[in-house]
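Open the model in your viewer and keep the sequence panel beside it. This tour goes from the whole chain to single residues, one selection at a time.

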Amino acid sequence: MKSKWFNLKPEAISFRKQGKSLPYIHTKLGIPKSTLSYWLKNVVLTNLQKKKLRKDWQDALTKARKGAVLWHNEEKARRLRSAETEGLSLLKNIDMNDNNISELVLAILYLGEGTKAKCETGMGSSDPLILKFFIACLRKIYKVPEEKIKCELHLRADQNPQEMIKFWSNELNIAEENFTRPYLDKRTAGKRTYTSYKGVCLVRCGNVAIQRKLVYIAKHFCGHIAAKTS
């Protein structure tokens, strides 16, 4: 029994002899690719035609990949905008001037990032924003004097200590005199450091009472929430 596309077979073969691809013929005539593959399997293409089909396929693949990357980037940007909008909406319901909220947030952050092994209150990070928040809380909530806030830099071997002290001093609004002698990691000697990496800054104020209070706040709060949902 002849298929309903049988009358198009001569035209399909003609297209193939011209060096057209199966997807092209399928689009042009509407014949299923499986049928075309069976009809055209014995049509011999010249080396030049094969070369052109190969190039067309590679070009189409490159175009498809670029399109996929563009779509992925657009989708990621859309999701990021959505996340930011949702975050800002939540923040509208929070009183940013409430020290209790700031202290709770700091306690949770401190539980993960703060120093707990030593008898002091301190936090280290390579992210200036985290340390800006920490210092702001020390000043606003605990009234820690400026001269009590000390900074210690942990740098890679090829980083310039004075340049890094100046960078962190400007970022954190802490006087350079409050910085102790930087620690240089000799294990990194001979390894190039990315210019965006400014080392790790450890900010401490020496008051262990603040550390203890923050840890207790965080543990009790996390325990309370965990117990309610278990």
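Helices and strands here are DSSP runs, numbered from the N terminus, a helix having at least four residues and a strand at least two. By that count, P182 sits in the loop between α7 and β3. We come back to P182 later; note before starting that this is a predicted model.

**Whole chain**

Show the chain as a cartoon. There are eight helices and four strands, and from start to end they run α-α-α-α-α-β-α-β-α-β-β-α. Now orient the C-alpha trace along its principal axes: the spans are about 90 × 50 × 30 Å. The radius of gyration is 33 Å, where a compact globule of 230 residues would have one near 17 Å.

Switch to a surface. The accessible area is about 16200 Å², with 56% of it on carbon and sulfur atoms. Of the 230 residues, 29% are buried. Colour by charge next: 43 side chains are positive and 22 negative, and the centres of the two sets are 15 Å apart. For contacts between residues at least 6 apart in sequence, 72% link residues at least 24 apart.

**The largest core**

Select Y142, L153, L172, F179, C201 and V203. In the largest nonpolar core, which has 29 residues, these six touch the most other members. Which elements supply this core with at least two residues each? They are α5 (99-113), α6 (128-140), β2 (150-156), α7 (161-172), β4 (200-204) and α8 (208-229). Helix α6 is the biggest contributor, giving five residues. In soluble globular proteins, nonpolar side chains tend to be buried together.

Centre on F179 and display what surrounds it. Setting aside neighbours within four places in sequence, F179 contacts C151, L153, I165, W168, S169, I174 and C201. Two of the names in that list, L153 and C201, are also among the six residues you selected in this core.

**The other core**

Select F15, L29, W39 and L40. They are among the nine residues of another core, which lies apart from the largest one. Zoom in on L40, in the loop between α3 (33-39) and α4 (47-91). Is L40 buried or exposed? Its relative accessibility is 5%, and because buried means under 20%, L40 counts as buried. Beyond its neighbours within four places in sequence, L40 is in contact with A12, I13, R16, L22 and I25.

Now draw a distance from L40 to M96. These two are 56 residues apart in sequence, and their C-alpha atoms are 72 Å apart.

**The loop between α6 and β2**

Select K143, which belongs to the loop between α6 and β2. K143 is not a glycine, yet its phi is positive, at about 55°. With a relative accessibility of 61%, K143 is exposed.

P145 is found in the loop between α6 and β2 as well. Its relative accessible area is 36%, so P145 is partly exposed. Draw a distance from P145 to C205: the C-alpha atoms are 8.9 Å apart, with the two positions 60 residues apart in sequence numbering.

Then go to N100, in helix α5. N100 is exposed, at 58% relative accessible area. From N100 to I141 the C-alpha distance is 8.9 Å, for a sequence separation of 41 residues.

**The loop between α7 and β3**

Select N173, placed in the loop between α7 and β3 (183-185). Its phi is positive, near 60°, and N173 is a residue other than glycine. How exposed is N173? Its relative accessibility is 58%; exposed means over 50%, so N173 counts as exposed.

Finish at P182, in the loop between α7 and β3. Leaving out neighbours within four places in sequence, which residues does P182 contact? They are L153, L155, P161 and I165. L153 and I165 are also contacts of F179. As a last distance, take P182 to F221: they are 39 residues apart along the chain, and their C-alpha atoms are separated by 36 Å.

Technical notes. Residues numbered from 1 in each chain as written. Predicted model: local features only at pLDDT ≥ 70, side-chain atom pairs only at ≥ 80, totals over all residues. Heavy atoms only, no water. Rg over C-alpha atoms; globule rule 2.2 N^0.38 Å. Buried < 20%, exposed > 50% of the residue type's maximum accessible area, 1.4 Å probe, protein only. Contact = heavy atoms within 4.5 Å. Areas by Shrake-Rupley, 256 points an atom, 1.4 Å probe, with all protein chains shown as cover. Lys, Arg positive; Asp, Glu negative; His and termini not counted. Charge placed at Lys NZ, Arg CZ, Asp CG, Glu CD. Core = buried A, V, L, I, M, F, W, Y, C linked by side-chain atoms within 4.5 Å.
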